[in-house]
Amino acid sequence: MDSLYSLLYQWLPLLLLFFSTSISSATNLHNKIPILSPLRRTNLLGPDDDTLSTPSLSEDFKTYFYEQTLDHFNYNPQSYTKFKQSYVINYKYWGGASSNSPIFVYLGAEAPLVGDIPIIGFLTDNAPRFKALLVYIEHRFYGNSIPLGTMEKAMENETIRGYFNSAQALADYAEVLLYVKDKLSAHNSPVIVVGASYGGMLASWFRLKYPHVALGALASSAPILYFDDITPQNGYYSRVTKDFKEASEHCYRTIRKSWSEIDKVASKPNGLSILSQKFKTCSHLNSSSELKDYLDSMYSAAAQYNQPPDYPVTQVCSGIDKADKGSDILGRIFAGVISYNGNRSCYDTLVYSRPTETMVGWSWQTCSEMVMPIGRGSNDTMFPASPFILEDFIKSCKSTFGVSPRPHWITTYYGGHDIKLVLQRFASNIIFSNGLRDPYSSGGVLENLSSNLLAVYTVKGSHCLDILPAQKSDPWWLVAQRKNEVEIIEGWIKEYYADLLAIRNEKDA
């Protein structure tokens, strides 16, 4: 039986959109922050993958466009500019406005919405139980919701791209949802927002900022604490290292030794040619860093999406540990590459850094407000040292976009410090779900903050695993996690209906 990955790959969009030289440089920033996507994507885009196409949705999903306001927070002339924002509705399971049936909403993040809809199974899997209307809203500046029509035009316009931020995105979602509820006369239908990764952050923040719109939020794999100094900067790579070490001590040691070996070979006459041949690279290596960055990203993706039934970390380590007897360190590392990616004619070492729409957009977001200080020291992970140095990051962002990052803005606007003390008597109805094998869980909420600000996690879970489509082969712990989340949401909705009835009775008395 095909794995969950192979079943879903056929739906993923091909995002190889090439931009101008200035925009391409956005993907080569110092201290790149790993993409916060619900499913691994970039390793698909090698030269042997020529069958991918934009996914087509079933007729149950209806696409609409809302005339969205460019700037929700100002009254300058350009603030009144409109752009078309895409949203999708599935009416199939809805019990209707007359019964106040709930609305489940997926908040799109740093990718085209059409690619996410088929892989976010939590909504469609649970809609029949709740008789829920399903709404999916695309994040501004991605997919079909880009002001000026294309990412290239939007990013080249310094005024327009200034409206590319999370606060504007949350206001977009609020406008669309209030519009949809009004059009459907669903004024008393409770809204549950669901988000994955960066979208999970948005879901939790949306519940905090717009409690009159959303009754509750499921924030899956949302590292809302990976800002400022709340989480150690090596949290992400320490978790990657732990995943590999738990899978195989030999594999972990081999990877740790490999970085200096790569540099050693690269320093020889024709060293880069030797490495290019040894790793069957699709193009000649320009530096040893190119190969190391590729391996770094591959190991990180394997850990971030280390899910059943394949368990990518185990795949990598199986290749390394079972390499032909007598293989040197780099031979074993390459065996891990083959085991993870499959036997290809060649391996594209630039696959994780191609200037896709998502990469360009996320680079802008991290260079403006989403400054996540992810790095590592010299001996605290299995990777070579690469500390997050804010001064260098600022220089890089200024060079690329001409802007200086605001490293403290997220915690200023949304909070994060002393989160339990702050939120336990203010916020409610948020589920922070995580899988502890996910490196981003190091910046997630892993303990209950109150009786209705709940941390739900699994020890063996990975990035956003709980909101992917349910499979018959799912392990018991994943089934239990989803069941827990559904029961919590069901409790919120029942309580809402009781409150709604009580208020009506008071008015009628």
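Which residue just after H11 takes a positive phi? Lys280 does, with a phi of about 50 degrees; helices here are DSSP runs of H or I with at least four residues, numbered from the N terminus.

Before going on, I should say that this is a predicted model, in which local features need pLDDT of at least 70 and side-chain atom pairs count only at pLDDT 80 or more, while totals for chains, interfaces and linings use all residues. Residues are numbered from 1 along each chain as its sequence is written, and side-chain values use heavy atoms, with hydrogens and water left out.

Staying with H11, which spans residues 271–278, we find Gly271, Leu275 and Ser276 buried, meaning under 20% relative accessible area with a 1.4 Å probe and protein chains only. They lie on the same side of H11, because they cover an arc of only 140 degrees around the axis, the arc being that of the directions from the helix axis to the C-beta atoms. These buried residues pack against H10, helix H12 (288–304) and helix H14 (329–341), where contact means heavy atoms within 4.5 Å.

Turning to the largest nonpolar core, a set of buried Ala, Val, Leu, Ile, Met, Phe, Trp, Tyr and Cys residues joined through side-chain atoms within 4.5 Å, we see 114 residues, and Phe206 and Phe244 are among those that touch the most other members. Helix H7 (residues 166–183) gives the largest share of this core, 9 residues. Leaving aside neighbours within four places in sequence, Phe206 is in contact with several residues, including Leu107, Leu170, Tyr173 and Pro211.

Key: Buried < 20%, exposed > 50% of the residue type's maximum accessible area, 1.4 Å probe, protein only. Helix = DSSP H or I, 4+ residues; strand = E, 2+ residues; numbered from the N terminus.
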